[in-house]
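The following note is offered to a colleague who is meeting this structure for the first time. Its points are numbered for ease of reference.

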Amino acid sequence: MSYKQTYLILIIWVFLMPMALCQPQYEETLEEEEYIEPTDIAFGFGLTGGWGSTYGFGLEFSMLFNHQFDINGCIGFSTTGFKYGLGGRIFLLRDRLWSPYIGMNYVRSTGLPEIEITANGGEVVFYEILADEVVNLKGGILYDLIWLRVLGTVGYGLPFGNYDAVYIDGFETDEHRR
């Protein structure tokens, strides 16, 4: 991540934080007999995806404790193969429409055995993406509609192993490395 991207993320965070802090808490609008008291533990599932997302494109399952902390697990597929892992998030504001959060995930990817790449000149090269493990540190904003929670996330992954693709066969040139 370049320093320009880091500064952009910081600027966005600084502008969004006051919006989250200055919101009124939820107000009851239902009749007393219609109102259902929220439980201390809630379960959920959702779709995940995006460029460089923690689990690639997949399904996430979560268990929310006291509307402030959740534990989640996910399975998905990305350019590094099948991914699965566990993580957690801490929501910094409770009972708000918007809430910033921080989180951490441990993710394992299976890798891809043989990827064929054809360059502009027509040369064909084969690479292998190795299995890898990574810890993702992330933060973001939660938009809570009670029945739907939308998360916007940015973060950084710290890989445990070799993250480079391995050359298998073919005519390797500098053009293939781009």
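1. The model under review is predicted. Its main sheet is open and holds 7 strands, arranged in the order S1-S2-S3-S4-S5-S8-S9 with antiparallel pairing. The edges of this sheet are formed by strand S1 (41-48) and strand S9 (149-159), each of which pairs on one side only. From one strand to the next, the twist averages 20°.

2. Within this sheet, strand S2 (residues 57-65) and strand S3 (residues 69-78) run antiparallel and are joined by 9 bridges. A position to inspect here is phenylalanine 61, which stands opposite glycine 73 in S3.

3. A second open sheet consists of 3 strands in the order S6-S7-S10, and its pairing is likewise antiparallel. Strand S6 (112-118) and strand S10 (166-170) are its edges; each has a single partner strand, so one side of each lacks a neighbour in the sheet. Neighbouring strands of this sheet are turned against each other by 30° on average, direction ignored.

4. In the second sheet, strand S7 (residues 124-129) is connected to S10 by 4 bridges, and the two run antiparallel. One residue to examine is valine 125, whose bridge partner in S10 is glycine 170.

5. The surface deserves separate attention. Which residues form a nonpolar patch on the surface? They are Phe45, Leu47, Leu59, Phe61, Ile75, Phe77, Phe82 and Tyr84, which together have about 880 Å² of accessible area. At least two residues of the patch come from each of S1, S2, S3 and strand S4 (81-91). Phe61, a member of this patch, is also the residue that stands opposite glycine 73.

6. Is leucine 47, another residue of the patch, buried or exposed? Leucine 47 lies in strand S1, one of the edge strands of the sheet of 7. Its relative accessibility is 77%; because residues over 50% count as exposed, leucine 47 is classed as exposed.

7. For the chain overall, the secondary structure amounts to 1 helix and 10 strands. Read from the N terminus, the order of elements is α-β-β-β-β-β-β-β-β-β-β. Among contacts between residues at least 6 apart in sequence, 52% join residues at least 24 apart.

8. Lastly, burial and surface may be considered together. The chain has 178 residues, of which 28% are buried. Its accessible surface comes to about 12,400 Å², and carbon and sulfur atoms account for 63% of that surface.

Conventions:
Residues are numbered from 1 along each chain as its sequence is written. This is a predicted model: local features need pLDDT of at least 70, side-chain atom pairs count only at pLDDT 80 or more; totals for chains, interfaces and linings use all residues. Side-chain values use heavy atoms; hydrogens and water are left out. Two strands pair if DSSP finds at least two bridges between them. Axes are lines fitted to C-alpha atoms, for helices over the stretch in contact, and angles run from 0 to 180 degrees between N-to-C directions. Patches are made of residues with over 30% relative accessible area and no salt bridge: like charges are joined within 9 Å, nonpolar side chains (Val, Leu, Ile, Met, Phe, Trp, Tyr) within 5 Å. Accessible areas come from the Shrake-Rupley method with a 1.4 Å probe; for residues, only the protein chains shown count as cover. A salt bridge is a side-chain nitrogen of Lys or Arg within 4 Å of a carboxyl oxygen of Asp or Glu. Buried means under 20% relative accessible area, exposed over 50%, partly exposed in between (1.4 Å probe, protein chains only). Contact means heavy atoms within 4.5 Å.
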